[in-house]
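The exercises below are meant to be worked with the sequence and the structure side by side. Try each task before reading its solution.

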Amino acid sequence: MKKGLYFLTVVFLFTACNFFEKKKAVAGIDEKIKMMDADRAFSKLSLEKGMKNAFMEYIDSNGILLRPAQYPLIGADAIDFLSQLNDSSYTLQWEPKGGTIAQSGELGYTYGLYALKPGGKDTTLYGTYVSIWKKQTDGNWKFVLDSGNEGIGEQELNNGQ
């Protein structure tokens, strides 16, 4: 009788642990989807209201911007830099191609391709980007680090390379 009870207890504990691990994995997938959706909404806002407004909306108060040939812009300096941007002569959009989320569900990253279209010109500049995201106390995602590299061609962009 005791062996049977011991066996049932072990089976129950194993099943319960397995259930909670699966539930945790599903929660991680849900958070990754929310983070990727935040990146897409960020790009959509950039198209609709301009890059400046989008970046001001989605940057964490301690966010960092990495830009070519500049020191990193951190927190208030990054926000001040963004607030002074004049983005009326171009549009910027991007699409995340992938990303992942930490097991804690509080940090993650996305990466993808961007397209910068100068106004009044029949050209588009392409590049790659990476953003590191942090889940806020209200459940929304904001980026804590953003960086990009120019130089991908339209052919590579269309091939998804």
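## Exercise 1: The hairpin and its sheet

In S6, Glu150 is the bridge partner of Gly127. The model is a predicted one, and every value below was computed from it.

**Task.** Work out in which sense S5 and S6 pair, parallel or antiparallel, and over how many bridges; then place the two strands in the sheet.

**Solution.**

Step 1. The pairing of S5 with S6 is antiparallel and extends over 10 bridges, and the two strands form a hairpin with 5 residues between them.

Step 2. In the turn of that hairpin, Gly139 has a positive phi of about 95°.

Step 3. S6 also pairs with S1, here in the parallel sense and over 4 bridges. Leu65 has Asp146 as its bridge partner in S6, and Leu66 has Ser147.

Step 4. Taken as a whole, the open sheet holds 6 strands in the order S2-S1-S6-S5-S4-S3, with mixed pairing. Strand S2 (73–74) and S3 are the edge strands, each of them pairing on one side only.

## Exercise 2: The chain as a whole

**Task.** State how many helices and strands the protein chain has, and in what order the elements run from the N terminus on.

**Solution.**

Step 1. The secondary structure comes to 4 helices and 6 strands, and from the N terminus on these elements run α-α-β-β-α-β-β-β-β-α.

Step 2. Among the contacts with a separation of 6 or more, 52% join residues that are 24 or more positions apart.

Step 3. Of the 161 residues in the protein chain, 32% are buried, while the chain exposes about 10700 Å², of which carbon and sulfur atoms supply 57%.

Step 4. One helix can be placed against the sheet: H3 lies across S1 and S2, and runs at about 75° to S1.

## Exercise 3: The nonpolar core and one face of a helix

**Task.** Find which residues of the largest nonpolar core touch the most other members, and explain why the buried residues of H2 line one face of the helix.

**Solution.**

Step 1. In soluble globular proteins, nonpolar side chains tend to be buried together. The largest such core in this model has 22 residues, and those touching the most other members are Phe42, Phe55, Tyr58, Leu65, Trp94, Trp133 and Phe143.

Step 2. Several elements give two or more residues to this core, including helix H1 (2–49), helix H2 (51–58), strand S5 (125–135) and strand S6 (141–152).

Step 3. Phe42 serves as an example: apart from residues up to four places away in sequence, Phe42 touches Ala54, Phe55, Tyr58, Trp94, Trp133 and Phe143.

Step 4. In H2, the buried residues are Met51, Ala54, Phe55 and Tyr58. Viewed down the axis of H2, these buried residues fall within an arc of 95°, so they line one face of the helix. The general background is that an α-helix has 3.6 residues a turn, so residues three or four places apart point the same way.

## Exercise 4: Single residues in their surroundings

**Task.** Decide whether Ser43, Glu95 and Ala69 are each buried, partly exposed or exposed, and then describe where each residue sits.

**Solution.**

Step 1. Ser43 lies in helix H1 and counts as buried, because its relative accessibility is 5% and the cut-off for buried is under 20%. Leaving out residues up to four places away in sequence, Ser43 touches Leu92, Gln93 and Trp94.

Step 2. Glu95, found in strand S3, has a relative accessible area of 34% and is therefore partly exposed. Beyond its neighbours within four places in sequence, Glu95 is in contact with Arg40, Tyr111, Gly112, Leu113 and Tyr129. The C-alpha atoms of Glu95 and Tyr114 are separated by 6.5 Å, although the two residues are 19 residues apart along the chain.

Step 3. Ala69 sits in the loop between S1 and S2 and counts as exposed, at 88% relative accessibility. Most residues other than glycine have a negative phi, yet phi of Ala69 is positive, near 60°.

**Task.** Which residues does Pro118 contact, leaving aside its neighbours within four places in sequence?

**Solution.** Pro118 belongs to strand S4 (residues 107–118), and with those neighbours left aside its contacts are Ser89, Tyr90 and Thr123. Between Pro118 and Leu92, which are 26 residues apart in sequence, the C-alpha to C-alpha distance is 8.8 Å.

Terms used. Residues numbered from 1 in each chain as written. Predicted model: local features only at pLDDT ≥ 70, side-chain atom pairs only at ≥ 80, totals over all residues. Heavy atoms only, no water. Contact = heavy atoms within 4.5 Å. Core = buried A, V, L, I, M, F, W, Y, C linked by side-chain atoms within 4.5 Å. Buried < 20%, exposed > 50% of the residue type's maximum accessible area, 1.4 Å probe, protein only. Pairing = 2+ DSSP bridges. Axes fitted to C-alpha atoms, helices over the stretch in contact; angles between N-to-C directions. Arc of directions from axis to C-beta. Areas by Shrake-Rupley, 256 points an atom, 1.4 Å probe, with all protein chains shown as cover.
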